[in-house]
Amino acid sequence: MKIKITGIGSYIPEKKISNTDFGEHVFLNEDGTAFGYPNEVIINKFKGITGIEHRRYAEDHFNSSDLAFFASQKAIENAAIDSETIDYIIFAHNFGDVKHGTIQSDMLPSLATRVKNRLQIKNPKCVAYDILFGCPGWIEGVLQANAFITSGMAKRCLVIGSETLSRVVDSHDRDSMIYSDGAGAAIIEASDDETGMLSYESGTYANDEANYLFFGKSYNADLDPDTRYIKMYGRKIYEFALNTVPAAMKSCLDKSGVKIDEVKKILIHQANEKMDEAIIQRFYKLHDRPVPQDIMPMSIHELGNSSVATVPTLFDLLIRGEIENQSIQKGDILLFASVGAGMNVNAFVYRY
């Protein structure tokens, strides 16, 4: 038995933030000292590395669970199902609901429970829970749905990835320009044909890598040191990703029995354009193949890094033909992959 995505939906906030909007920010080094060059130089260098020109922030009156609800509604409608028939709601996020203008995370009740409530699902056997798995959370949720369905524990699952990272960033940290908000959701069901998931790979590296992403104080020493923000060791993450993600993707592809030349698209977590390009190049180098043109659809230029939401949103945009010069056809082989806090790495091969 295989599982497949029968419905997909995403929510992209309307609030568009351009790189130029960071022109007046006071960016500081980790030790609190000022940079020796103007913000224009910082921003241009940032764009050259990450590829990000715009990102989206959630409207002030919406929380992560609201974005998730909107995406879930679209996925349910796309799948043309009765929401009462959903057996599991699996919600991947990192920081819960963080109300605009506050710094406190709210996860009681769980965000999955909040979405179930908003969807007005009355069936108590529809189990709703959250997972914390860093940026690879949505893919991990799909793998969990696969386990439930193939074991007979479920017939239909709703897997969500939603985040409002803009509310947990240190405005004095250059890395704050990377993060964005958004949500993606998918209905997962058993496949009775040749389509669906063919293989998967997942792992957690928690020795030296455990704290590559963490909660830390602001670079501005005048701010409350007990207020924490998302922080990362970018160079270490970059090196880790290049050393582990291509190998995980290769292992996943090998398990599927699919040849590298059959892969039509690679949907990778939208973390950093240069890093994603380097991962793909190394992946194809492992197969002694050149990187095919247009193999990697990208949304990061306009949407930034919305963590768990990037991959399902990218898939939704690709299916709807909203990514320039990118399309897929029935029967195409897709490779999904992600890397993030944990450090976690996962992937799955999918026949569309």
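Select Ile266 to start. Beyond its neighbours within four places in sequence, Ile266 is in contact with Met249, Ile280, Phe283, Tyr284, Ile295, Met296, Pro297 and Leu335. Show those side chains as sticks. Keep in mind throughout that this is a predicted model.

**The core around Ile266**

Ile266 belongs to the largest nonpolar core, which has 54 residues. Met249 and Ile266 are the residues with the most contacts inside this core. Now colour the elements that feed it. Helix 1 (39-50), helix 5 (234-256) and helix 6 (273-286) each supply at least two residues. So do four strands: strand 12 (229-232), strand 13 (263-268), strand 14 (333-340) and strand 15 (344-351). Which helix gives the most to this core? Helix 5 does, with 9 residues.

Next, select Ile131, Ala154, Ile323 and Tyr352. They are among the 35 residues of another core, which lies apart from the one around Ile266.

**Zoom out**

Show the whole chain as a cartoon. The protein chain has 8 helices and 15 strands. Its C-alpha atoms fill a box of roughly 60 × 50 × 40 Å along the principal axes. The radius of gyration is 20 Å, and a compact globule of 352 residues would have a value near 20 Å, so the two agree.

Switch on the surface. About 15500 Å² is exposed, and carbon and sulfur atoms supply 48% of that area. Of the 352 residues, 59% count as buried.

Colour the charges. There are 36 positive and 47 negative ones, and their mean positions are 4 Å apart.

Then look at contacts between residues with a separation of 6 or more. Residues 24 or more positions apart account for 77% of these contacts.

**Stop at Ser299**

Select Ser299. It sits in the loop between helix 6 and helix 7 (300-303). Is Ser299 buried or exposed? Ser299 is buried, because its relative accessible area is 8%, and the cut-off for buried is under 20%. Add Gln270, Gly304, Leu314 and Leu317 to the selection. Ser299 is in contact with these four, leaving aside neighbours within four places in sequence. Draw a distance from Ser299 to Leu317. Their C-alpha atoms are separated by 8.6 Å, with the two residues 18 apart along the chain.

**Stop at Thr164**

Move to strand 8 (residues 156-164), where Thr164 is found. Thr164 counts as buried, at 0% relative accessibility. Which residues does Thr164 touch, not counting those up to four places away in sequence? Select Ala58, Asn63, Ser64, Leu67 and Asp181 to see them.

**Stop at Ser202**

Go to strand 10 (residues 196-204) and pick out Ser202. Ser202 is partly exposed, with a relative accessible area of 35%. Show Phe133, Glu140, Leu143, Val345 and Asn346 around it. Ser202 is in contact with each of these, again setting aside neighbours within four places in sequence. Draw a distance to Glu140. Ser202 and Glu140 are 62 residues apart along the chain, and their C-alpha atoms are separated by 7.7 Å.

**Two cis peptide bonds**

Select Leu108 and Pro109. A cis peptide bond joins them, with omega about 0°. Pro109 is in the loop between strand 6 (105-106) and helix 3 (111-118).

Where is the cis bond with omega of about -10°? Select Gly342 and Met343, which this bond joins. Met343 is in the loop between strand 14 and strand 15. Both of those strands feed the core around Ile266.

**Two positive phi angles**

Select Gln120. Its phi is near 60°, a positive value in a residue other than glycine. Gln120 is in the loop between helix 3 and strand 7 (127-132). At 59% relative accessibility, Gln120 counts as exposed, since exposed means over 50%.

Finish at Asn325. Its phi is positive as well, about 65°, although Asn325 is not a glycine. Look for Asn325 in the loop between helix 8 (310-319) and strand 14. Is Asn325 buried or exposed? Asn325 counts as exposed, at 62% relative accessibility.

Methods: Residues numbered from 1 in each chain as written. Predicted model: local features only at pLDDT ≥ 70, side-chain atom pairs only at ≥ 80, totals over all residues. Heavy atoms only, no water. Rg over C-alpha atoms; globule rule 2.2 N^0.38 Å. Buried < 20%, exposed > 50% of the residue type's maximum accessible area, 1.4 Å probe, protein only. Contact = heavy atoms within 4.5 Å. Areas by Shrake-Rupley, 256 points an atom, 1.4 Å probe, with all protein chains shown as cover. Lys, Arg positive; Asp, Glu negative; His and termini not counted. Charge placed at Lys NZ, Arg CZ, Asp CG, Glu CD. Core = buried A, V, L, I, M, F, W, Y, C linked by side-chain atoms within 4.5 Å.
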